[in-house]
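Hi there,

Here is the structure I promised to pass on to you. Please open it next to this email and follow along as you read.

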Amino acid sequence: MKNKIAFVLLLSMCLMLFAGCGNTPKTLYKSDSVEIVREGNKTAVYDILADKEYNYITKRVKRSESVFEPYKSIDTDTINIETMPSGFRIYDKTADKIIYITKNKFTQ
């Protein structure tokens, strides 16, 4: 009986230990005006100069419901965010850079 209780306690402690292990935020891009952070399937684009935050969630959808061509979702003086079939295209206007973010890769 004691062995069973000890085993259950040990198992519970292991589960609690691993429950805290999740996706850690990863900074994909940072400039003086824009910061892009990905955590799992969530991508946050911070417009530092305008003090705004834009959040996107990547999820699987039916092909008939997906985006077939790029469209602008955000256009400000600092950034321009376009949603594309494969991810996002973000223009950092102040740094004059284009950032492409897809499910598994990031390019500048």
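Below is a short tour, going from the whole chain to a single residue.

Please keep in mind that this is a predicted model. The protein chain contains one helix and nine strands. If you read along the sequence, you will meet the helix and the strands in the pattern α-β-β-β-β-β-β-β-β-β. The chain has 108 residues, and 29% of them count as buried. About 8,300 Å² of the chain is exposed, with carbon and sulfur atoms supplying 56% of that area. Among contacts with a separation of 6 or more, 21% are between residues 24 or more positions apart.

Next, have a look at the sheet. Four strands make up an open sheet, in the order 1-2-3-4, and their pairing is antiparallel. At the edges you will find strand 1 (26-30) and strand 4 (52-57), each pairing on one side only. From one strand to the next, the twist averages 20 degrees. In general, strands of a sheet pair through backbone hydrogen bonds. Strand 1 and strand 2 (residues 34-39) are joined in the antiparallel sense over four bridges. To see one pair up close, find Thr27: its bridge partner in strand 2 is Val37.

Finally, is Asn80 buried or exposed? This residue lies in strand 6 (residues 79-84). Asn80 counts as buried because its relative accessible area is 6%, and the cut-off for buried is under 20%. Beyond its neighbours within four places in sequence, Asn80 is in contact with Lys72, Ile74, Asp75, Arg89, Ile90, Tyr91 and Lys93.

Enjoy exploring!

Best wishes

Note on methods:
Residues are numbered from 1 along each chain as its sequence is written. This is a predicted model: local features need pLDDT of at least 70, side-chain atom pairs count only at pLDDT 80 or more; totals for chains, interfaces and linings use all residues. Side-chain values use heavy atoms; hydrogens and water are left out. Helices (H or I, at least four residues) and strands (E, at least two) are DSSP runs, numbered from the N terminus. Buried means under 20% relative accessible area, exposed over 50%, partly exposed in between (1.4 Å probe, protein chains only). Contact means heavy atoms within 4.5 Å. Two strands pair if DSSP finds at least two bridges between them. Axes are lines fitted to C-alpha atoms, for helices over the stretch in contact, and angles run from 0 to 180 degrees between N-to-C directions. Accessible areas come from the Shrake-Rupley method with a 1.4 Å probe; for residues, only the protein chains shown count as cover.
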